[in-house]
Number of protein chains: 2
Amino acid sequence: MSEATQEAQYRRISRVSLGGIIHRSALRWPDKTALVDGALEFSYAELDRRSNAFAHYLLAQGLSRGARIAMLCGNSAQMVTAFIGIYKAGLVWVPINTGLAVDAVRYILEHAEATHVVIDAELLAKPELRAMLDALGTRIIVCVPEGQVAPGGNTTAFLDTLKGQHGTLPEVDIESGQLAQIMYTSGTTGQQKGVMHSHASVHAALSGNLFELGLRPSDSTLCVLPMFHCAQHAVSMSFLLAGATVVVRRAFEPGAMLATIEQRGITLLLGLPIMYGAMLAHPARPTTKLSSLRLCLYVMAPMARTLLVDLIEKFCPGGFALASGQTEMYPATTMFKPEQQLKRFGSYWGESVVTNETAIMDDEGRLLGRGEVGEIVHRGPNVMLGYYKDPEATARARAFGWHHTGDLGMFDADGQLLFVDRKKDMIKTGGENVPSIKVEEVLLRHPAVLQVAVVGLPHPRWSEAVTGFVVLKPAASATEADIIAHCRQHLGGFEVPKSIVLLGAMPQTTTGKAQKFVLRQQYARHYEDVSGAT
Amino acid sequence: MSEATQEAQYRRISRVSLGGIIHRSALRWPDKTALVDGALEFSYAELDRRSNAFAHYLLAQGLSRGARIAMLCGNSAQMVTAFIGIYKAGLVWVPINTGLAVDAVRYILEHAEATHVVIDAELLAKPELRAMLDALGTRIIVCVPEGQVAPGGNTTAFLDTLKGQHGTLPEVDIESGQLAQIMYTSGTTGQQKGVMHSHASVHAALSGNLFELGLRPSDSTLCVLPMFHCAQHAVSMSFLLAGATVVVRRAFEPGAMLATIEQRGITLLLGLPIMYGAMLAHPARPTTKLSSLRLCLYVMAPMARTLLVDLIEKFCPGGFALASGQTEMYPATTMFKPEQQLKRFGSYWGESVVTNETAIMDDEGRLLGRGEVGEIVHRGPNVMLGYYKDPEATARARAFGWHHTGDLGMFDADGQLLFVDRKKDMIKTGGENVPSIKVEEVLLRHPAVLQVAVVGLPHPRWSEAVTGFVVLKPAASATEADIIAHCRQHLGGFEVPKSIVLLGAMPQTTTGKAQKFVLRQQYARHYEDVSGAT
């Protein structure tokens, strides 16, 4: 056997793959329930067979290694089966946020050069989207709920693709380091970027999650955040790696969530703080049995202390943890653990997880000590392969041998990571640095204020002027002067916004993050005529 | 940035390393107790600093990537610190079984071309061993218990190597796939082979163990099996990855074990069945608080049912699990879980762990179904890089894209793996296959029998003749005819041993496995003069 052959054999024996997760779990727990979607319930053996069948279908289309398959789907059993099938065929999964405008979807389809799209029937029913797909010539595989009729035209129903295909694992030579998915980031700071991950880089994050979440085969989770984003995708796949049960829901409805938690004995949830608030406040909550819940993860935003205290008492005494991460560094990368939650104030991200190492770095690549603010950087096997077709951005993200998150933070005296701001959201005004989050927290304390975003806008005197965008509560009223007076009570002089703009609605991403780049663009000339404003 | 530079940056950011485990745990749990050795106790921060210092010492000797550092040590804090230091310096750890004869140690030192050896003072005091090391010119780093005087001559005390060295992590460019250790296998079937593992392959096994053992930072273990073997090394490193506590002991003494379990609140043990039996029978056991124990792992041998029932009742109600594996496929690879233990009879290995996939293969590379006996094969990222300087044996181990264990087994109807025999221990006699383990189990049922080994010896009529080697219990007596008559009651005619050899002591490895190759060599001509024997 030649050295090259030996090396190839070694790579084949030692590989990890994302489709392999399901295959191995099916070998070990064939009859366990893997996936539940409403009345549908699939065992691991069944999920393995169905995803194998879809992989065989894709390969029969002449698709080969590296081909990109886009997806526009809400959470469903068909969606999970489809992306596992894409992994198993050695193709590249390109999930697209279903809330994006048609232009943004087209940008991704063209940028990724996706030849096929797996799409929900209800999305395909939108004439503008359908026309765009037809114009691009994208082959359409449509997810039609069982019992409903497939749309006409040149489409194939997902369930029809499985018919007549083999249920055995296709013999595809997948390598650990091979491109497995491109996820386009949600665009808080501008143009969508395609984050490339290999089978191994996603797998590394999942392995770490097994430890961090203490997952056992007896666990079950209810997935309501969209799986086209990394957080819910990572949690779902971690559960499938553990032989646990994944229950999927398309939309958040607090009463239905509570009923499912009781009925399925759900042990772990992932949600936004606002979702936990809605479940807590729901009239059915006091009579719902929630004792199966052992851990609740929240993401994207800090949790108000009063809500957290209430939730721990009435919803999940096992505790709450904030899981952080980003598509580029597959999550979780840090966790703010239950035992730390009520000890600390502020936007804490907690500890680096077992998967990666986390540090704080200055702009010259020096690692900083506890108490010093700098960019949060990571290194670990869960780092992305890079940005698709963007070597410059990739190189910037890898400066000094660490992955750069674009987030500012510091470790406190106990080694707990405190998030300070998005790096670009640090406002430089009159020679001082103002973290926008600090001003936002003060604005949110005003009794009339519902939502805020603080950005630095170009200003002839201050270079950047701290500017607050505010949405008031429905029944409340306040003037710009009221709000600035409130800020003066709580902020240093240079931190007080130079102006407050009252908005009817905040421009935001589908995950609820304010789109500051939209505000920056729209209000770029806000201070042009106010030179001399203080 | 060129593509090659980008690729190098990616490898640097995404790497895993075995020294990095300690470094990351020290960042996360600096003040937690990592390592206990008698009265010595080291926090993660301290273990990190001390192992960094040893790495700096090694690098200052001019050693560079790939250099082999041998080790002849029993379990101690110095041993753990030393092997972590070797990992951190990017060098190759070559642990040697301390029970080997001087010739076998020399074979390994020469084969591995080790320039340095880390050795316990009590071993170095053996004149023949010391003379051999001096003759080879091996540089000697000697582990002297704290407070004792170092031996003279051209040696350096391990604790002296740490003095004046930096406590920070050395900047060594370690790659995930780089050679990290060569462990020579224990020699049940013949000549020692050097099993090469990378940082990534060992790390993959450890990550899987976090899930399989449900490890938490609050866990603690007491290591009494030698860490120069893969099983105890893997458990110890898994605990260090989890931020848990490792208590090391040099020798098994049941009373001291019980005292430490109570004093340290040990949660998980790894041991041989015989060790659990001794702790159970110890007079201090009924008055020792053992309630901290949540799981006991046993290895190397099945557990007698009566002992197991007693142990579950009186020693660890949390249960017992048999962990299997081999140096070539870093352990654990399979586990026979607590909930299965009392349901099944026979030498069960249970389920494939999350790290790897396990199958049964025939000699032509066909995967076999449930109920069919064949070779146990695995694939997964915990597979060895190969046998050092032995590409032929490496190629044989990798046939058909799976790692070949040399063990025979089958999956039963429930998918539980049953170990049948070492492949070479299948005796082919008169056209029939006889698994030696089947005959051994029958022999062990004879009331006078203490230890057995059954091998096939060359025979003019039967090709191989089933031959039983037996050690009797101290006070018992039995003749060859008695024992053969006993076998006739329980075995098919062709399975009954053609002769029984009574031995005063069984030749065995330091881990208690009978050295059948010794018996085969010694008794190769046993049947030369008995042609015509039935």
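**Figure 1. Arg130(A) is a buried arginine in a helix of chain A.** The model shown here is predicted. Arg130(A) has a relative accessible area of 17%. That value falls under the 20% limit, so Arg130(A) counts as buried. Its place is helix α7 of chain A, which runs over residues 127–136. Leaving aside residues up to four places away in sequence, Arg130(A) touches Leu124(A) and Ile140(A). Gly152(A), Gly153(A), Asn154(A) and Thr155(A) are touched as well.

**Figure 2. Helix α12 of chain B and the elements that cover it.** Helix α12 of chain B spans residues 273–281. Which of its residues are buried? They are Pro273(B), Met275(B), Tyr276(B), Gly277(B), Met279(B) and Leu280(B). In an α-helix, residues three or four places apart point the same way, because each turn takes 3.6 residues. The cover over the buried residues of α12(B) includes two helices of chain B, α11 (254–264) and α13 (305–314). Strands are part of that cover too: β12 (268–271), β13 (295–298) and β14 (320–326) of chain B.

**Figure 3. A cis peptide bond in each of two chains.** Most peptide bonds are trans. In chain A, the bond between Pro331(A) and Ala332(A) is cis, with omega at about -5°. Ala332(A) belongs to strand β15 of chain A, residues 329–336. In chain B, Pro331(B) and Ala332(B) are also joined by a cis peptide bond, and omega is about -5°. Ala332(B) sits in strand β15 of chain B, residues 329–336.

**Figure 4. Lys389(A) and Phe400(A) have positive phi values.** Most residues other than glycine have a negative phi. Lys389(A) is not a glycine, but its phi is near 55°. Lys389(A) lies in a loop of chain A, between β19 (386–387) and α15 (391–397). Its relative accessibility is 46%, so Lys389(A) counts as partly exposed. Phe400(A) is not a glycine either, and its phi is about 60°. Phe400(A) lies in the loop between α15 and β20 (403–411) of chain A. Phe400(A) is partly exposed, at a relative accessible area of 40%.

**Figure 5. Glu146(B) in a loop of chain B.** The loop holding Glu146(B) lies between β6 (139–143) and β7 (155–157). Is Glu146(B) buried or partly exposed? A relative accessibility of 46% makes Glu146(B) partly exposed. Glu146(B) touches Leu40(B), Arg50(B), Gln78(B) and Leu159(B), with residues up to four places away in sequence not counted. Val420(B) is 274 residues from Glu146(B) along the chain. The C-alpha atoms of Glu146(B) and Val420(B) are separated by 47 Å.

**Figure 6. Asp414(B) is an exposed loop residue that touches two arginines.** Asp414(B) lies in chain B, in the loop between β20 (403–411) and β21 (417–422). The relative accessibility of Asp414(B) is 52%. Exposed means over 50%, so Asp414(B) counts as exposed. Which residues does Asp414(B) touch, apart from those up to four places away in sequence? They are Arg344(B) and Arg370(B). Gly365(B) lies 49 residues from Asp414(B) along the chain, and their C-alpha atoms are separated by 23 Å.

**Figure 7. The interface between chain A and chain B.** Contacts here link 50 residues of chain A with 50 residues of chain B. The size of an interface is often given as the accessible area lost when the parts come together. Chain A and chain B bury about 4100 Å² between them. Carbon and sulfur atoms account for 53% of that area. On the chain B side, Ile13(B), Arg28(B) and Phe211(B) lose the most area to chain A. Together these residues make up 20% of what the chain B side buries.

**Figure 8. Chain A as the setting for the close-ups in that chain.** Chain A contains 18 helices and 26 strands. Its C-alpha atoms fill a box of roughly 75 × 55 × 50 Å along the principal axes. The radius of gyration is 24 Å, which agrees with the value near 24 Å for a compact globule of 534 residues. Buried residues make up 61% of chain A. Of the contacts between residues at least 6 apart in sequence, 67% join residues at least 24 apart. The accessible surface of chain A is about 20600 Å², and 52% of it belongs to carbon and sulfur atoms. Chain A carries 49 positive and 50 negative side chains. The centres of these two sets lie 2 Å apart.

Key
Residues are numbered from 1 along each chain as its sequence is written. Chains are lettered from A and ligands numbered from 1 in the order in which they are written. This is a predicted model: local features need pLDDT of at least 70, side-chain atom pairs count only at pLDDT 80 or more; totals for chains, interfaces and linings use all residues. Side-chain values use heavy atoms; hydrogens and water are left out. Helices (H or I, at least four residues) and strands (E, at least two) are DSSP runs, numbered from the N terminus. The radius of gyration is taken over C-alpha atoms; the globule rule is 2.2 Å times the number of residues to the power 0.38. Buried means under 20% relative accessible area, exposed over 50%, partly exposed in between (1.4 Å probe, protein chains only). Contact means heavy atoms within 4.5 Å. Accessible areas come from the Shrake-Rupley method with a 1.4 Å probe; for residues, only the protein chains shown count as cover. Lys and Arg count as positive and Asp and Glu as negative; His and the chain ends are not counted. The place of a charge is taken as NZ of Lys, CZ of Arg, CG of Asp or CD of Glu. Buried area is the accessible area (1.4 Å probe) that two parts lose on being put together, summed over both.
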